[in-house]
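Visitor: I'm new to this structure and would like a close look at a single part. Could you take me through the pockets?

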Amino acid sequence: MSERLKVGILGATGMVGQRFIALLENHPWFEVTTVAASPRSAGRTYEEAVGGRWKMDTPMPEAVKKLVVKNVNEVEQVASEVDFVFSAVDMTKEEIKKIEEDYAKTETPVVSNNSAHRWTPDVPMMIPEINPEHAEIIRYQRERLGTSRGFVAVKPNCSIQSYAPVLSAWMEYEPYEVVATTYQAISGAGKTFADWPEMVGNIIPYIGGEEEKSEKEPLRIWGHIDPEKKQIVSAEAPVITCQCIRVPVLNGHTAAVFVKFRKNPTKEQLVEALQTYSGVPQELNLPSAPKQFIRYMEEENRPQITQDVDYENGMGVSVGRLREDTVYDWKFVGLSHNTVRGAAGGAVLCAELLKAQGYITKK
């Protein structure tokens, strides 16, 4: 590609915004040219605005240090400088809905990490390997917004990445009832141990709103577009019930999952389905796509956070401990990186897919 697309990061100084910055360093298609945040950060360089709050393992990219932070609320000015934006703003749900649509109405595509638009009927919520066809809803959204180019697309909740892809790989065997317990890292709350010391050696059995998201969002991903209603209609099965627990881990969401199937797959069939599962990102060889989306690990004590969270640069899913259950049919443990595949990396892959599909172009 001769000239990279100009990208803006909304909410650039927060943890997910920082992850976007880190992931997009030297990206072959996208170049971060604009960073925007709250008015209190505006007017300072990115390096000054973040200060000692840089939370990534890798150093702050030199290319962004001297960028002057824009006021995210000055929509027209920010939008005029970019081809599209990633959104990781920290606002109320209603404020996020409004500002993301305001950017879209400037004919600037918005790929959002936020949850605000996940249930807007004509906004695609995508895991690119699973439901790339949901991008087709964008034409109805553009009708509603009155845009020819602008739209909002979102990625789903970080917690479902450790088990929804696994269930997707097994759909031919008709899973119909699922129990999942997720053990979620503190970075999912935008925290490190330095600023959340009470999490050291601790477990909190509550994450606000997380269980409903974990139960409902996979069904929307498995749903279909209704052209008459001009919206995405959720699937009805499998039924999922979930508990979500915060654990003293920095990065990586683990899920312990029990599944009932209408058909009767063998372990060999289930493992093969995982190892061969791929989608459009792999077919198109998108820059952020993992070569192997899901891997199965035979070791009894894997996957583990310390050894496996960065599988495929944090974009792959690791599965282990698949075995028959005495109450359900099968059970397994899944692991995904919550701020890479589950947040900024998943959004970057969505943007790559939308560019490949022709929805994101140069202005």
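Guide: Here is a walk through the largest pocket, followed by the second largest. Keep in mind that this is a predicted model.

Let's start with the largest pocket, which holds about 1100 Å³ of space. Its lining is made up of 46 residues. If you want to find its centre, look for V16, A88, V89, D90 and N114, the lining residues that lie nearest to that point. Several helices take part here: helix 1 (15-24), helix 5 (93-105), helix 8 (210-221) and helix 12 (340-356) each give at least two residues to the lining. Helix 1 supplies the largest share, with three residues. As for the chemistry of the lining, 16 residues are nonpolar, 19 are polar and eleven are charged.

Now for the second largest pocket. About 610 Å³ of space lies in this one, and 26 residues line it. To spot its centre, go to L23, N313, G314, M315 and V340, which lie nearest to it among the lining residues. You'll recognise the helices here: helix 1 and helix 12 are the elements that give two or more residues to the lining of the second largest pocket. Sorted by class, that lining has twelve nonpolar, eight polar and six charged residues.

So, what should you keep in view as you turn the model? Helix 1 and helix 12 each supply at least two residues to the lining of the largest pocket, and both of these helices also give two or more to the lining of the second largest pocket.

How values were computed:
Residues numbered from 1 in each chain as written. Predicted model: local features only at pLDDT ≥ 70, side-chain atom pairs only at ≥ 80, totals over all residues. Heavy atoms only, no water. 1 Å grid on protein atoms, 1.4 Å probe; cavity = no way out; pocket = protein on both sides within 12 Å on 5 of 7 lines; lining within 4 Å. Points joined across faces, edges and corners; volume = space filled by probe spheres on them. Helix = DSSP H or I, 4+ residues; strand = E, 2+ residues; numbered from the N terminus. Nonpolar A, V, L, I, M, F, W, Y, C, P; charged D, E, K, R; others polar.
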